[in-house]
Amino acid sequence: MPETSDEFTLYDLRVEVIDCRGKMVCNHAIGDYFELSGENLSLPAGQTFPIYPLAALLTFLPAKQRKTHPNDWMTTDTDIACPDPHCGAIFRITRTGERVFRHRDVTAVPWKPVKPVEPVKVNES
Ligand SMILES: [Zn+2]
């Protein structure tokens, strides 16, 4: 059955420095965070966030915004280490809420109903 609405849901995310295993090298402290809602990233007033760990974290955020299977590691794994090998920071990605968007509000590509795709099993023996 094709979808009849162009609405879809994304999780709002919070990414927070929750631990330091060793020395904190980058300019982030435990408790620093940013939030992501749709395509919009926000920081608390007066707080900064270094671009190098941000670049590494960005690769995970679109997947964490979307519903994933309960068994998928993208669902269960929440902590990511700082990409600087000398920095001990640990970042936690938390889904803080759900927000409904409409296709027509976020893209110029015309929406049309699509049939759900049947899953293909891999590593089946
Ligand atoms: Zn770091």
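Guide: Welcome! Let us start with a definition: two strands count as paired if DSSP finds at least two bridges between them. The model above is a predicted one, and Arg 14 is a good place to try the idea.

Visitor: Happy to. Which residue stands opposite Arg 14 in S2?

Guide: Look across from Arg 14 to S2, and you will find Glu 35. That bridge belongs to the pairing of S1 with strand S2 (residues 33-37), which is antiparallel and runs over four bridges.

Visitor: And which residue is the bridge partner of Arg 14 in S5?

Guide: In S5 the partner is Thr 94. Strand S1 (residues 7-20) and strand S5 (residues 89-102) are also antiparallel to one another, with 13 bridges between them. Another bridge to S5 links Leu 10 with Arg 99.

Visitor: What order do the strands have in the open sheet?

Guide: Reading across, the order is S3-S2-S1-S5-S4, five strands with antiparallel pairing. Strand S3 (40-42) and strand S4 (79-81) each have a single partner strand, so they form the edges and one side of each lacks a neighbour in the sheet. On average, neighbouring strands here are turned by 25 degrees against each other, direction ignored.

Visitor: Now the interior. Which residues make up the largest nonpolar core?

Guide: A nonpolar core gathers buried residues of nonpolar kinds, joined through C-beta atoms within 7 Å. The largest one here has eleven residues, including Leu 13, Val 15, Val 17, Phe 91 and Ile 93. S1 and S5 are the elements that give two or more residues to this core. Take Ile 93 and list its contacts beyond four places in sequence: Leu 13, Val 15, Phe 60, Lys 64, Thr 78 and Ile 80.

Visitor: Let me try Cys 20. Why does Cys 20 count as partly exposed?

Guide: The idea is to count C-beta atoms within 10 Å: 20 or more means buried, 12 or fewer means exposed, and anything in between is partly exposed. Cys 20 has 16 such neighbours, so it counts as partly exposed.

Visitor: Where is the place of Cys 20, and what does Cys 20 touch?

Guide: Cys 20 lies in strand S1. Leaving out residues up to four places away in sequence, Cys 20 touches Ile 30, Gly 88 and Ala 89. For a sense of distance, try Lys 67: it is 47 residues from Cys 20 along the chain, and their C-alpha atoms are separated by 29 Å.

Conventions:
Residues are numbered from 1 along each chain as its sequence is written. This is a predicted model: local features need pLDDT of at least 70, side-chain atom pairs count only at pLDDT 80 or more; totals for chains, interfaces and linings use all residues. Two residues are in contact if their C-beta atoms, placed from the backbone, lie within 7 Å. Axes are lines fitted to C-alpha atoms, for helices over the stretch in contact, and angles run from 0 to 180 degrees between N-to-C directions.
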